[in-house]
Amino acid sequence: MSSAIQPADLGFFSTLASAGSLSAAARELGVSTPAVSKHLAAMEARLGVPLVRRTTRRMSLTPEGELLLE
């Protein structure tokens, strides 16, 4: 059942969404930015949908990411 969202994933994603960037989320979570990126990529791979649109300067939630956040 590795495709299921775990409670830790929800907390992680909520922190990521409220932080507004991968680096800010990393600081808040006390981990490296690559660790945040890897966790997000693993969640997206398990779900089969992108949750966040990333650019070099901004991050925004996709409609699926918004749904997960709710």
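E44 is buried in this predicted model, with a relative accessible area of 12%. It counts as buried because that value falls under 20%. The briefing below turns to the surroundings of E44, then to two helix pairs, and finally to Q6.

**E44 and its surroundings**

- The residue E44 belongs to helix α3, which covers residues 33–47.
- A polar contact links the side chain of E44 to the backbone nitrogen of L51, at 2.8 Å.
- When neighbours within four places in sequence are set aside, the residues in contact with E44 are V49, P50, L51, V52 and R54.
- L51 therefore appears twice in this account of E44: its backbone nitrogen is reached by the E44 side chain, and L51 is listed among the contacts of E44 beyond four places in sequence.

**Helices α1 and α2**

- Helix α1 spans residues 7–19 and helix α2 spans residues 22–29.
- The axes of these two helices come within 8 Å and cross at roughly 125 degrees.
- The helices α1 and α2 are oblique to each other, because an angle of roughly 125 degrees lies outside the range of 65 to 115 that counts as roughly perpendicular and is not over 145, as roughly antiparallel would require.
- The crossing of α1 and α2 is right-handed.
- On the α1 side, the contact is made by F12, T15, L16 and A19; on the α2 side, it is made by L22, A24, A25, E28 and L29.
- Sorted by class, the residues of this contact between α1 and α2 comprise seven nonpolar, one polar and one charged.

**Helices α2 and α3**

- Helix α2 also packs with helix α3, at an angle of about 105 degrees and with the axes 8 Å apart.
- This angle makes α2 roughly perpendicular to α3, since the range for that class is 65 to 115 degrees.
- From α2, the residues L22, S23, A25, A26 and L29 take part in the contact, and they meet T33, V36, S37 and L40 from α3.
- The contact of α2 with α3 contains six nonpolar and three polar residues, and no charged ones.
- L22, A25 and L29 of α2 are named in the contact with α1 and also in the contact with α3.

**Q6, before the first helix described**

- Q6 is located in the segment before α1.
- Q6 counts as partly exposed, because its relative accessibility of 41% is neither under 20% nor over 50%.
- Q6 and A17 are 11 residues apart along the chain, and their C-alpha atoms are separated by 17 Å.

How values were computed: Residues numbered from 1 in each chain as written. Predicted model: local features only at pLDDT ≥ 70, side-chain atom pairs only at ≥ 80, totals over all residues. Heavy atoms only, no water. Helix = DSSP H or I, 4+ residues; strand = E, 2+ residues; numbered from the N terminus. Buried < 20%, exposed > 50% of the residue type's maximum accessible area, 1.4 Å probe, protein only. Polar contact = N/O pair within 3.5 Å; in protein donor to acceptor, adjacent residues only side chain to side chain. Contact = heavy atoms within 4.5 Å. Axes fitted to C-alpha atoms, helices over the stretch in contact; angles between N-to-C directions. Parallel < 35°, antiparallel > 145°, perpendicular 65-115°, else oblique. Left-handed = near helix turned anticlockwise from the far one by under 90°. Nonpolar A, V, L, I, M, F, W, Y, C, P; charged D, E, K, R; others polar.
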